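Please examine the sequence and the three-dimensional structure shown below. The paragraphs that follow lead from the strands of the sheet to the helices packed around them.

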Amino acid sequence: MRTLVTGGAGFIGSNLVDRLLVEGHEVDVVDDFSTGSLSNLSEARGSAGRSLTIHHLDITAPAIIELMARRRPELVFHLAAQPDIELSISDPGFDALVNVVGSLNVLEGARRAETERVVYAASGNTLYGQPSSDDLPVREAHPQLPISPFGVSKKAVIDYLAMYREIHALEFCALALGSVYGPRQVPHGESGVVAVFAEHIVRGEPVTVFGDGAQTRDFVFVDDVVDAFVRAATRGGGLVCNIATAQETSVNELFATMAALRDSEPARVEAPARPGELRRSCLDIERAGIQLGWRPWTELTDGTRAVLEFATERVR
């Protein structure tokens, strides 16, 4: 198929591009390279030939609509976003510009191109707000009550996807992602704690833990997530599907896991909790199993080992 990946030079996007090319698809990458990197696509560029085309373009620019109408992708993976919760709080207008207006441009481009389906990267960490302990792990039927501008903007796009499906027959599947981690992750942003820890650990620098470290996330490895995106290309139409592990891991547990993989334990520094950060997050994944035939397979120890190895090569 002819596919288009927004944010395709980013952490998750570039891993998805690699998978699509291996499976024989033609891939257009759209990225403004504000957080993505051309180096993430170096292997793909070296082997894909004419199957890969890279467009340096911001999704907030109307030119994305014309590009998509011209390239006519059959399938769109929409991953481009402003991912930083703290930035969304300090500058909600910019967050909405990228995540809402930019996404509307992508949807309009898909409509003009007569695209069959959009697979959207939503945020399971923010979509459901702060659920009670009794609601964990959170199912997709839980009320969507985000408590940050970032979460609100990502929720709004799901509403637009449902509208485009109803009015324009543009099929979609929205993947509500847990805290995705893995090689190529930039050490900042909404889910970047694993990459941040890894970079400081391999540099021998103190690791900063915000708050008491008891806050939890549902960490899911990037290869597992890419597999979910590929499955959502043909399944789960009109649905939101949680993509995570259904396991809570505290920041303290994450630190201990990563420290145990090194010969010497890194120093730890505590800092005040960050505004807008959820206390607990864990996602039910039963629907993804039923509708997508998907399940995660990478254990946290194996995944964080891969991140530490990547960080070691990166800082050399």
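In this predicted model, strands S4 and S5 pair in the parallel sense over four bridges. Within that pairing, Leu75 stands opposite Arg117 in S5. On its other side, S4 is joined by four bridges to strand S1 (residues 2-6), and S1 and S4 run parallel. Two residues of S1 illustrate the register: Leu4 has Val76 of S4 as its bridge partner, and Val5 stands opposite Phe77 in S4.

Is S4 covered on one face or on both? Both faces are covered. Leu75 and Phe77 on one side are buried, as are Val76 and His78 on the other. In a regular strand the side chains alternate between the two faces of the sheet. S1 is mostly covered, with four of its five residues buried.

S1 also pairs with S2, in the parallel sense and over five bridges; here Thr6 stands opposite Val30 in S2. Between these two strands the chain passes through helix H1 (residues 11-22), and this β-α-β crossover is right-handed. The pattern continues outward. Strand S2 (residues 26-31) pairs with strand S3 (residues 52-56), again in the parallel sense and over five bridges. From S2 the chain crosses through helix H2 (residues 42-48) to S3, in a β-α-β crossover that is right-handed. Val30 stands opposite His55 in S3, and Asp31 stands opposite His56 in S3.

These pairings belong to an open sheet of seven strands, with parallel pairing and the order S3-S2-S1-S4-S5-S6-S11. The edge strands are S3 and strand S11 (239-243), each of which pairs on one side only. Neighbouring strands of this sheet are turned by 20° against each other on average, direction ignored.

Helices lie across this sheet. Helix H9 (residues 222-232) lies across strand S4 (75-78), S5, S6 and S11, and runs at about 165° to S6. Helix H7 (residues 149-168) lies across strand S5 (117-123), strand S6 (171-177) and S11, running at about 160° to S5.

Which residues touch the most other members of the largest nonpolar core? Of the 88 residues in that core, they are Phe77, Leu175 and Phe229. H9 gives the most to this core, with seven residues. Leaving aside residues up to four places away in sequence, Phe229 touches Ile12, Leu16, Phe77, Leu79, Val119, Tyr120, Ala121, Leu175 and Leu177. Phe77 and Leu175 are thus among the contacts of Phe229. In soluble globular proteins, nonpolar side chains tend to be buried together.

Within helix H7 lies Gly151. With a relative accessible area of 0%, Gly151 is buried. Gly151 touches Thr126 and Pro146, not counting residues up to four places away in sequence. Gly151 and Ile85 are 66 residues apart in sequence, and their C-alpha atoms are 8.1 Å apart in space.

Two further helices, H8 and H10, can be read together. In helix H10 (residues 251-260), the buried residues include Val251, Leu254, Phe255, Met258 and Ala259. Why do the buried residues of H10 line one face of the helix? Seen down the axis of H10, they fall within an arc of 125°, so they line one face. An α-helix has 3.6 residues a turn, so residues three or four places apart point the same way. The cover over the buried residues of H10 includes helix H8 (193-203), strand S8 (207-210), strand S10 (219-221), strand S12 (249-250), strand S13 (268-271) and helix H12 (300-315).

In H8, Val194, Ala195, Phe197, Ala198, Glu199, Ile201 and Val202 are buried. Among the elements that cover the buried residues of H8 are strand S7 (179-181), S8, S10, H10 and H12. H8 is followed by Gly204, whose phi is positive, near 75°.

The loop between S11 and S12 holds Gln247. Gln247 touches Arg217, Asp218 and Cys282, again not counting residues up to four places away in sequence. The C-alpha atoms of Gln247 and Val220 are separated by 9.4 Å, although the two residues are 27 residues apart along the chain.

Technical notes:
Residues numbered from 1 in each chain as written. Predicted model: local features only at pLDDT ≥ 70, side-chain atom pairs only at ≥ 80, totals over all residues. Heavy atoms only, no water. Pairing = 2+ DSSP bridges. Right-handed = clockwise from strand over helix to strand, strands pointing away. Buried < 20%, exposed > 50% of the residue type's maximum accessible area, 1.4 Å probe, protein only. Arc of directions from axis to C-beta. Contact = heavy atoms within 4.5 Å. Axes fitted to C-alpha atoms, helices over the stretch in contact; angles between N-to-C directions. Core = buried A, V, L, I, M, F, W, Y, C linked by side-chain atoms within 4.5 Å.
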